[in-house]
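Hi,

Here is the structure I said I would pass on. Have a look at it first, and my notes follow underneath.

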Amino acid sequence: MAAIRAHATAAETGESAYAVRLTLGAHEITGDEAVEVGGGGLGPAPFEMLAGALAECTAMTMRWYARQQNLPVESIAVSVDYSKKLLAGASAPVDVFEKTIAIRGAELTDEQRTRLLNVAAKCPVQRTLEGAPTITTLVGPLPEQPTV
């Protein structure tokens, strides 16, 4: 299996106080904060992108598994809500991601649905969020985008 690599850049656009042009591989989108917090609402906010990455990866991982196992899945939809919550007994708020998964497939057995839900918890983005990633910050010109 090839190593997973991703490259992203964010550069201010000046369209609002926080608007940035995000380059995600070969794709470009605008990111921003909501109007209520001083942005222009021109695109998704960072935590919306993070929740979206988890939802996307979950759906893709489940679809990959369904195809590998030849399961009769018609469609998969994933919703992720992110918030900070003070859990019982905790002294500080923690990051909480709540996933809701809808699997359509009239011919799926209960056992197949359970296997799909187990696979959903193993998507690479979820594993990264649950792990202890290392983040290195450098100062200087932006590095060249890696070639694939």
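Strands β1 and β2 (residues 20-24) run antiparallel to each other and are joined over 5 bridges. If you want to check the register in your viewer, Ala10 faces Leu22 of β2, and Ala11 sits opposite Arg21 in that strand. Keep in mind that this is a predicted model.

On to the next partner: β2 also pairs with β3, again in the antiparallel sense and over 5 bridges. Here Leu24 stands opposite His27 in β3. The hairpin that these two strands make has 2 residues between them, and Gly25 takes a positive phi near 60° there.

Put together, that gives an open sheet of 3 strands in the order β1-β2-β3, with antiparallel pairing. Its edge strands are β1 (8-12) and β3 (27-31), each of which pairs on one side only. On average, neighbouring strands in the sheet are turned by 20° against each other, direction ignored. As a general reminder, strands of a sheet pair through backbone hydrogen bonds, either parallel or antiparallel.

Now for the rings. How many aromatic pairs does the structure hold? There are 2 of them. In one, Phe47 and Tyr82 are stacked, with 4.5 Å centre to centre and 0° between the planes. Phe47 belongs to helix α1 (residues 46-68) while Tyr82 belongs to strand β4 (residues 75-85), so this pair ties together parts that lie 35 residues apart in sequence. As for exposure, Phe47 has a relative accessible area of 45%, which makes it partly exposed.

The other pair is Tyr82 with Phe97: the ring centres are 5.0 Å apart and the planes are at 50°. Why does this one count as tilted? Stacked needs planes under 30 degrees apart and edge-to-face needs over 60, so the 50° between Tyr82 and Phe97 makes the pair tilted. Tyr82 is in strand β4 and Phe97 in strand β5 (residues 94-104), so the two rings tie together parts 15 residues apart in sequence. Phe97 is partly exposed too, with a relative accessible area of 26%.

Taken as a group, Phe47, Tyr82 and Phe97 are linked by ring pairs into a cluster. Tyr82 is the residue to click on when you look at it, since Tyr82 pairs with Phe47 and also with Phe97.

Cheers

Terms used: Residues are numbered from 1 along each chain as its sequence is written. This is a predicted model: local features need pLDDT of at least 70, side-chain atom pairs count only at pLDDT 80 or more; totals for chains, interfaces and linings use all residues. Side-chain values use heavy atoms; hydrogens and water are left out. Two strands pair if DSSP finds at least two bridges between them. Helices (H or I, at least four residues) and strands (E, at least two) are DSSP runs, numbered from the N terminus. Axes are lines fitted to C-alpha atoms, for helices over the stretch in contact, and angles run from 0 to 180 degrees between N-to-C directions. Rings of Phe, Tyr and Trp (its six-membered ring) pair if their centres lie within 6.5 Å; planes under 30 degrees apart count as stacked, over 60 as edge-to-face and the rest as tilted. Buried means under 20% relative accessible area, exposed over 50%, partly exposed in between (1.4 Å probe, protein chains only).
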